Amino acid sequence: MFVSDCLNVNEKGHLTIGGCDTVELAKRGTPIIVYDENEIRKNCRAFVKSIEENYDGKGRVIYASKSFSCLEMVRICNQENMGLDVVSGGEIYTALKAGFPAERIYFHGNNKSYEELSEALNAGVGRIMVDNLTELETISELAKEKNVKANIILRIKPGIDAHTHDFVKTGQIDSKFGLALETGEAMEAVKHILTVDNIELCGVHCHIGSQIFDIEPFEHAAEVMVKFIADIKSETGYEIKELDLGGGFGIKYKESDKPNPYDSYMKAASKVVKAECKKYGLEVPFIIIEPGRSIAGATAVTLYTVGSVKEIPGIRTYVAIDGGMSDNPRYILYQADYEVVCANKASEERTKKVTVAGKCCESGDLIQEDTMLQEVEAGDIVAVLSTGAYNYSMASNYNKLRKPEVLMVKDGVARTIIKRETYEDLIKNEI
Ligand code: LLP
């Protein structure tokens, strides 16, 4: 009935998530983001199982924590035996504070600072994903100083143009991430890296983009990357042992979205990996995948209170809510699609075309334009669905709005995992 299995409607006609009545939850104050723990774990397990089934367990699922990073989320990923993709000192700090084993942390980023690299080596993170040779020199220097060997994975631009929003494409040559294959830049880098002290080249990585529905670009990426491993072997004699194929699996935001089951991506890519390895006489490498959105995205909803409904005859009807681009900047950034439901009238038909507007002083602060909603009035609770990935993690304090409370529900019981910010929090670094 809804975009996610964890959502339902109860006998009062209220939207529920994980067995909790969202109208009751909204009484704690809005905006509020609510995650369903069972749904998160279900997604984690689907990916872990796909590594078991398609690669005989010789691989690892690393959760892209940029999609939603907090102590509880990291704990869940640890309990589900996953690795963690982090992109900053802050995400490393969060992971370590949550007790995540450093050796399963993979450190990404196109411009890691000296301090971040030093912290990463001190903590003993499992792999540093190297973006460029300037960074490599810094890592080598730091590793020498600390008398350790840095285990690295090299980020490659495989030259694949995935069909998704321009801002979330990363595999094509015109990208700020990684080194290009087709210009020979990546091969040159590999040859150089093999001569650098205190560096162990463990693997190669690519990530072609985000919110991708087609299977074919993932197959193509697998083919290109295995060929690169084969080329490295034939040109240098060195066999790369790890292949990281990134994340980017599309999820359901709108009813009309038809994502493939995650397993179908794994199955298709693994077939290509195995066939290509056979063709080139290579061992199948240890496979790493980096899902973020597909773990967290469809497992949460954001609840808002309607403040007013403004009809502009012949033009549109604005429904004003008590959050906006400060907790969900994805519409203003990418014109992202969402389903919007009146939580206290969830069993009624959505008959009214409305534009859901946030409370920031910015005309573009919309959550959705011309979307169907039940007839709503001030005081109603509006739920925006599939807001688990890149919402809280991209939230800001624009207009000095406080970041919302975040709840985790499990089998009908809710607990706070992130407190709502206070006014005092907003000025705590101000002098
Ligand atoms: N690996 C790498 C290297 C990445 O850059 C990303 C996402 C992922 C994995 C995870 O991709 P996912 O499975 O979540 O699609 N803020 C945008 C999305 C930016 C994606 C950044 N990188 C949005 O809200 O749509």
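A cavity is a set of grid points where a 1.4 Å probe fits but cannot get out. In the predicted model described here, one cavity of 30 Å³ or more is present, and the largest cavity encloses about 70 Å³ of space. Its lining consists of Y55, F218, L245, G246, F249, Y265, M266, A269, I287 and I289. Among secondary-structure elements, helix α9 (262-280) and strand β13 (286-289) each provide at least two of the lining residues, and α9 makes the greatest contribution to the largest cavity, with three residues. By class, nine residues of this lining are nonpolar and one is polar, while none is charged.

The open spaces of the model were examined next. The largest pocket contains about 730 Å³ of space. A total of 34 residues line the largest pocket, and those nearest its centre are K66, T170, F177, H207 and Y390. At least two lining residues come from each of β8 (127-130), α10 (293-296) and α11 (330-334). Because both domain 1 (7-36 + 297-427) and domain 2 (108-291) contribute residues to the lining, the largest pocket lies between the two domains. Its lining comprises twelve nonpolar, 13 polar and nine charged residues.

The second largest pocket holds about 370 Å³ of space. Its lining is formed by 16 residues, with V3, D5, E39, N43 and Y262 nearest the centre. Helix α2 (residues 37-55) supplies four of these residues, the largest share from an element. Eight residues in the lining of the second largest pocket are nonpolar, four are polar and four are charged.

The surroundings of the ligand were also analysed. The ligand is surrounded by 19 residues, of which S210, E290, R293, R330 and Y390 are the closest. Y390 is also listed among the residues nearest the centre of the largest pocket. Several polar contacts involve oxygen atoms of the ligand. In one of them, an N or O atom in the side chain of R330 lies 2.5 Å from a ligand oxygen atom. For G292, the contact is made through a backbone N or O atom, at 2.9 Å from an oxygen atom of the ligand. In the case of K66, an N or O atom of the side chain is 3.3 Å from a ligand oxygen atom. On its own, the ligand has 580 Å² of accessible area, of which the protein covers 91%. K66 is likewise one of the residues nearest the centre of the largest pocket.

Definitions and conventions: Residues numbered from 1 in each chain as written. Predicted model: local features only at pLDDT ≥ 70, side-chain atom pairs only at ≥ 80, totals over all residues. Heavy atoms only, no water. 1 Å grid on protein atoms, 1.4 Å probe; cavity = no way out; pocket = protein on both sides within 12 Å on 5 of 7 lines; lining within 4 Å. Points joined across faces, edges and corners; volume = space filled by probe spheres on them. Helix = DSSP H or I, 4+ residues; strand = E, 2+ residues; numbered from the N terminus. Nonpolar A, V, L, I, M, F, W, Y, C, P; charged D, E, K, R; others polar. Domains from an automatic or database assignment. Near = heavy atom within 4 Å. Polar contact = N/O pair within 3.5 Å; in protein donor to acceptor, adjacent residues only side chain to side chain. Areas by Shrake-Rupley, 256 points an atom, 1.4 Å probe, with all protein chains shown as cover.
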